[in-house]
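Work through the exercises below with the model open. Try each task before reading its solution.

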Amino acid sequence: MRVGLTERFQRASIQTRLFRFAPAIFALTLFVSALLLFAVQPMFTKMVLPKLGGAPAIWSVAMVFFQGALLLGYAYAHVLCRFLSPRYGAIVHLGFLAVAALSLPLGIAGGFGNPPSHNLEIWLLMLFAASIGLPFTALAASAPLLQRWFAASGHPKAANPYVLYAASNLGSFAALLAYPLLIEPFFTLRGQGGAWAAGFALLAILIAVAALTVASVSGEKVETKRSAAPGWMARVSWVLLAAIPAGLVVAVTAHISTDVASAPFLWVVPLALYLLTFVAAFRERPWISRETVTMLAPYLIVPLAISLFGGDRAFWLVSIILHLAAFFVLTLACHTELYVRRPAPDRLTDFYLATSIGGVLGGIFTGLLAPNLFSNTTEYPILIAAAVLALPGAFSGGFARALRETAPMLVVAVVLVVLHAITDWRLPQDYMIAFQALLISLAAFMLFLKRHPARLFGLVVVAFTLSALWQPGQSRVETTRSFFGVHRVSDTADGAHRLLFHGTTIHGAQRLNISGPAEPLAYYYRGGPISETILATRALRGKLSRVAAVGLGTGSLACYRGQGEEWTFFEIDPEVVRLARDAGRFSFIKDCAPDVPIILGDARLTLAASQGQYDLIVLDAFSSDAIPAHLLTREAVRGYLSKLAPGGVIVMHISNRHLELARLVAAVGETEGLVTFVKTDTKANDFATDYKSNATVAALARKEVDLKGLAGLYGWQRTRPDGGAPWTDDFSDLIGSLVRKKLVD
């Protein structure tokens with residue numbers, strides 16, 4: 001009897017000591033949970049890259065899955081807290097963690113072979129769900145569960161458990177920064193998976209300790225007296241205030257990388273700012289007051305409203321800063337409103353369930369619907385305008401009054417859009433000064449009405465519409481969008497040349513109104529390094545029997561096909577194929593190789609599945625400075641070698657504004673027994689006049705003699721790794737390439 005009393009006293013003493021440090025214990029557990037949650041996102045997305053490549057849409061679809069799994073986890077947490085006390089809820093949740101641990105270490109689930117040519121989004125969502133659905137959902141549930149348990153603990157600081165959400169998002173922020181800087185450069189994916197599994201086990205221990213601190217709570221239902229249930233309007237406001245920022249974080253990333261500048265890790269910054277707004281807003285004393293946020297927002301929205309579609313790319317850095325500042329303030333405004341409208345702690349899981357629904361809706365709109373509804377990143381201005389309505393006072397006079405205030409301006413915008421849709425009418429480009437004066441006047445009027453969000457919203461919509469219908473400089477022929485990006489076909493102002501843009505990068509140019517077959521320009525001009533590799537290899541072999549060209553673009557390379565040669569193009573994007581085959585857009589295919597076969601799909605998979613071997617393999621699959629790392633790994637090069645005929649040559653176009661890839665390619669080549677020659681072109685001096693682009697090109701072969709045709713040409717040099725580590729499917733280091741580029745430059 002005395003022993004039993006002693007044991008109970010000791011347990012009570014332990015609980016008392018733990019209870020004293022409950023805020024720190026719960027904050028640490030939430031931090032670790034969020035750290036794991038955000039570390040797994042880039043880690044597993046990187047595992048998927050060899051399946052689909054580096055298309056920006058992969059990250060967008062991944063975000064939809066993550067938001068959906070978050071919703072599922074929050075729903076599970078809501079049910080668990082509704083019917084079980086912390087003591088029994090902890091037992092159930094620890095059991096869930098144990099089941100989820102059976103799917104570790106992380107990896108792609110069986111049954112997912114080559115991706116389909118259609119409905120890639122659905123296939124990708126299924127792959128994520130089957131591979132990491134259980135552990136991710138279990139992690140997602142931890143944040144609301146722990147906050148609710150802390151609220152039920154009776155601790156003096158438990159009156160406002162929402163502040164723990166700041167610790168959770170701080171963990172997410174730490175993971176987001178640590179992955180590219182401290183994890184990816186030093187650990188293989190296998191090592192990352194092992195460390196993540198160990199972290200998952202640590203989290204289970206921390207959750208058990210956190211549950212022990214509230215074990216004295218009754219085993220009955222947590223709530224004996226609940227606060228009044230929030231009305232449907234409150235729930236709708238939670239959903240919308242969460243949906244707008246969740247959509248904006250994807251939309252601003254897509255817009256910056258598509259229309260402003262493309263750079264490695266650019267996606268990290270908006271997501272980091274998004275997480276910081278939670279840390280800044282979910283506090284008893286927010287970093288920036290609600291009044292200050294409301295005051296700043298119009299001064300950032302107005303410049304975007306009049307310049308979003310027609311901004312000068314020469315000032316891309318200023319443009320990026322403006323976009324990110326506006327995104328931060330608008331997201332902070334929404335999350336501040338969320339915190340202001342939070343319910344009592346006993347309704348905490350209701351609140352997080354509603355916000356997760358909003359996150360899913362925002363992700364679905366930007367990640368799944370927008371690419372199929374809009375030919376450009378139109379979702380971005382839509383969400384900016386929606387964020388204006390999230391500012392305090394937008395509906396202070398009721399919905400009907402807000403509608404009356406905005407209706408006239410919305411009618412103007414609708415008339416302009418309908419007129420353009422029916423007649424393809426645009427504002428004339430001859431009235432630049434008058435139009436700029438109109439925009440400046442409109443901006444001044446918007447700032448004058450900055451304290452009236454509903455009216456400001458209407459003017460913002462009009463400004464976006466006007467600036468979209470007046471875009472000086474190039475004449476836009478067509479804008480099209482696919483899973484793999486936004487493509488824009490434009491004619492130069494003098495009508496002499498037609499260009500193909502993928503994001504911010506020109507992927508082909510053609511001179512118009514000339515007699516004879518089309519002449520390759522841009523990176524493919526005659527006399528450039530890509531041209532030299534084709535001609536030198538042909539001269540050495542006498543004839544190129546079979547050639548594989550990875551990446552179609554405008555089809556310029558087709559004009560290098562020699563008499564009797566069999567060329568095959570491999571292209572992942574069906575929209576690119578459509579544009580290249582449409583003689584009304586570009587005529588390279590029609591003029592030079594109308595019968596050339598084009599194989600649709602990821603080249604690493606389709607090339608490996610092709611029959612026979614090739615004398616020359618040309619790899620030109622980069623898009624808008626995005627690096628398809630899965631095409632540069634040892635495994636990928638090994639696959640190319642299996643399709644390379646004896647004495648054949650592999651040509652890689654490795655031009656990049658941000659990354660040094662020559663030594664990387666040399667390192668990969670050396671590990672596979674290949675010799676590497678590289679040339680950085682300097683002949684093309686002024687793209688605006690001759691439409692020829694300098695290129696950095698690598699040529700690889702099994703023996704140096706296979707490249708002797710290049711060795712005697714100006715600029716070609718044998719390149720060695722010089723300590724550079726080769727990339728594999730299990731390891732790649734973008735930071736290292738980024739640093740080398742800056743040091744070389």
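**Exercise 1: a leucine and its patch**

L182 lies in helix 6 (residues 164-183); helices are DSSP runs of H or I with at least four residues, strands are runs of E with at least two, and both are numbered from the N terminus. This is a predicted model, where local features need pLDDT of at least 70, side-chain atom pairs count only at pLDDT 80 or more, and totals for chains, interfaces and linings use all residues. Residues are numbered from 1 along each chain as its sequence is written, and side-chain values use heavy atoms, without hydrogens and water.

Task: Is L182 buried or exposed?

Solution. Take the cut-offs: buried is under 20% relative accessible area, exposed is over 50%, and partly exposed is in between (1.4 Å probe, protein chains only). L182 has 55% relative accessibility, so L182 counts as exposed.

**Exercise 2: the disulfide**

Task: Which residue does a disulfide join to C559?

Solution. Apply the rule: a disulfide is a pair of cysteine sulfur atoms within 2.5 Å. The count comes to one disulfide. C559 is joined to C592, S to S 2.0 Å. The two cysteines are 33 residues apart and link distant parts of the chain. The link of C559 and C592 is right-handed, with 80° about the S-S bond. C559 is buried at 10% relative accessible area. C592 is partly exposed at 21%.

**Exercise 3: a loop serine**

Task: Where is the place of S610?

Solution. S610 sits in the loop between helix 20 (603-609) and strand 8 (614-619). Its relative accessible area is 13%, so S610 is buried. The S610 side chain reaches the backbone oxygen of L607 at 2.6 Å.

Conventions. A polar contact is a pair of N or O atoms within 3.5 Å; within protein, one must be able to donate a hydrogen and the other to accept it, and residues adjacent in sequence count only if both atoms are side-chain atoms.
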